[in-house]
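Student: I am new to this structure and should be grateful for a close look at its largest pocket. Please explain what lines it and what else belongs in the picture.

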Amino acid sequence: MSDDDESEFVRARFSGRRYQDGTLPLTALPELISYERILTELARWCYKQDHPERSRVPKNFTKQLALGLEGIERGSAIARLVRPSEGLPLREQDYFTRARDLLSRAIAGETPAVEELDRVPRNVRNALSKFGRTLEAGDSISLEWGGISHSTYDLVRRRAMQQQLHAEYDESFNEVGLLTGISKGTRKIDFQLYNGTSLSGNLTTATVDADLSFQYVDESRPYVRVVGTSTHYASGALKLLEVEEVEYLGEISPDFEAHFGRIAALEAGWLDGSGAAIAPSAIRNALELTRRLVWVHAFSAPRVYPTPEGGVQAEWTGGRWSTMVEVDPEGDFFAHAVDDADEEHERTAKAVDMNDILKFISSYVEKRGASDGG
Amino acid sequence: MADEVLLTVDGEILFRQINPAFLVEGEFTSQIFEVTPKDQGELSIDQQRLSSAKEAHERFVGQGYASAGVTHVTVGECSALELNSYHKPETLNPAHGFIDFRETPSKQARKKKARKLKLAAQRHGLDYEPDTGG
């Protein structure tokens with residue numbers, strides 16, 4: 001089909017790990033329904049703006065949109081949305097095209113469109129609050145037509161728009177952190193994010209990993225992934241609304257943890273008579289860094305080696321950059337990335353704060369699934 | 001102390017032993033090219049023109065050291081990083097030499113050079129891997 005096909009209204013390009021094989025998960029379909037709902041409500045509002053003397057839109061107004069899903073194309077997963085091919089109005093009278101353009105310009109952050117959206121009534125705001133609820137970190141929906149990508153909706157844009165339109169809004173929740181409490185009796189979970197935020201949620205409909213109750217008996221605060229829905233408030237507060245799944249993460253992999261254990265057990269002199277015993281702070285920070293990279297940021301686990309000074313060095317190869325992070329015996333970080341195609345091209349970072357090193361690594365290490373065999 | 005003789009043939013192969021702790025899943029770390037304080041800036045190598053990789057490994061292990069295998073870089077790859085290489089025979093090892101980190105005092109600079117040597121060695125792969133009977 002060519003780009004100038006009159007019935008093709010928009011291509012919604014879903015990008016992110018879940019869409020890499022060109023498949024649109026059924027859980028993403030509500031986004032398309034929400035999108036149509038927004039355009040319908042926006043088109044109604046636009047019409048009423050132009051016709052303040054009329055209390056209703058014309059008969060069969062919404063039938064002019066009635067989007068259909070004609071197919072899914074690869075790259076990542078592109079949903080082709082079409083309109084009814086007959087009876088389309090003239091373009092200058094087409095409130096649905098106007099609504100599509102207005103929404104897209106607002107998503108793109110164009111000031112006039114953003115300000116116009118500020119004036120929409122509650123029903124439009126409510127429709128907008130549903131769009132993007134299934135997005136996860138790294139996901140986006142690009143809105144394309146006429147062969148051009150006009151805007152990209154991701155969690156950052158969604159949050160900005162929701163904060164503009166609502167005192168509070170909901171979005172999907174999929175986070176890793178420390179389990180600080182779980183009660184089968186009250187069906188309640190307490191959970192702490194990496195930034196220190198403590199959250200509580202109800203397990204009414206949740207699937208709780210069978211290993212979890214066993215692991216939690218000693219109150220060792222195991223790492224878990226909590227999936228559900230959360231509410232964000234204008235104050236910045238976050239509330240777990242509904243918990244659908246609690247997954248016990250256990251260990252990165254048996255081989256990795258065993259290897260880490262062997263490094264931790266090295267005694268002084270392990271390097272042909274030299275080589276300091278590995279410092280507990282280096283082990284602790286290297287393990288914590290790896291867990292966050294693998295569980296929170298979806299990177300592959302690095303290869304990990306002891307250093308003669310008593311630190312730990314993590315290395316990644318296979319992408320464009322060869323990257324390493326050394327955790328020294330004090331637990332501080334030094335990172336270095338070399339472009340494999342041009343070794344003169346290199347970057348370094350020194351940090352005490354793990355978050356700074358996570359940012360560095362994010363720039364130079366490929367995520368799982370970004371390349372074949374990842 | 002034996003005389004040091006500067007190596008000038010770019011293509012000359014310099015073997016380096018890999019400590020078992022520095023070989024994971026068949027990949028070695030750049031630390032095999034990092035000097036430790038006891039090295040005093042001289043990173044030991046064996047010259048291929050005086051010893052095979054297998055002989056170098058057996059001699060090294062025979063002296064009570066641990067090695068999971070042998071890889072190499074060339075004199076040219078070292079000099080591209082402004083690292084000279086020298087022949088410096090020892091009583092028990094006539095093929096001994098070293099890559100000179102004495103003029104690279106900064107730890108970060110040494111680490112960066114070691115990483116680039118590792119990338120070069122990684123391209124060459126392992127020259128010798130002992131049969132561990134597995």
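Tutor: What follows describes the largest pocket, and then turns to a second pocket and the nonpolar cores. The model is a predicted one. The largest pocket encloses about 1,300 Å³ of space. Its lining is made up of 41 residues, and those nearest the centre are A:Ala137, A:Asn174, A:Glu175, A:Val296 and A:His297. In chain A, two or more lining residues come from each of α5 (155–165), β6 (168–183), β10 (223–233), α8 (280–296) and α9 (354–364). The greatest contribution is that of β6(A), with 6 residues. By character, the lining consists of 15 nonpolar, 13 polar and 13 charged residues.

For the second largest pocket, the volume is about 710 Å³. Here 31 residues form the lining, and B:Arg16, B:Lys38, B:Asp39, B:Ser44 and B:Phe60 lie nearest the centre. This lining divides into 10 nonpolar, 10 polar and 11 charged residues.

The nonpolar cores complete the account. The largest has 66 residues, and A:Leu289, A:Val312, A:Val325, A:Ile357, B:Val73 and B:Ile99 have the most contacts inside it. Helix α8(A) supplies the largest share of this core, 8 residues. Domain 2 (171–248) and domain 3 (254–364) of chain A each provide at least three of its residues. If neighbours within four places in sequence are left aside, the contacts of A:Val325 include A:Leu289, A:Val312, A:Trp316, A:Phe333 and A:Ile357. Another core, of 45 residues, lies apart from the largest one and has A:Tyr19, A:Ala28, A:Leu65 and A:Phe96 among its members.

Key. Residues are numbered from 1 along each chain as its sequence is written. Chains are lettered from A and ligands numbered from 1 in the order in which they are written. This is a predicted model: local features need pLDDT of at least 70, side-chain atom pairs count only at pLDDT 80 or more; totals for chains, interfaces and linings use all residues. Side-chain values use heavy atoms; hydrogens and water are left out. On a 1 Å grid over the protein atoms alone, a cavity is a set of points where a 1.4 Å probe fits but cannot get out, and a pocket is an open set with protein on both sides within 12 Å along at least five of seven lines; lining residues have an atom within 4 Å of a point. Grid points are joined across faces, edges and corners, and a volume is the space filled by probe spheres set on the points. Helices (H or I, at least four residues) and strands (E, at least two) are DSSP runs, numbered from the N terminus. Ala, Val, Leu, Ile, Met, Phe, Trp, Tyr, Cys and Pro count as nonpolar, Asp, Glu, Lys and Arg as charged, and the others, Gly among them, as polar. A nonpolar core is a set of buried Ala, Val, Leu, Ile, Met, Phe, Trp, Tyr and Cys residues joined through side-chain atoms within 4.5 Å. Buried means under 20% relative accessible area, exposed over 50%, partly exposed in between (1.4 Å probe, protein chains only). Domain bounds come from an automatic or database domain assignment. Contact means heavy atoms within 4.5 Å.
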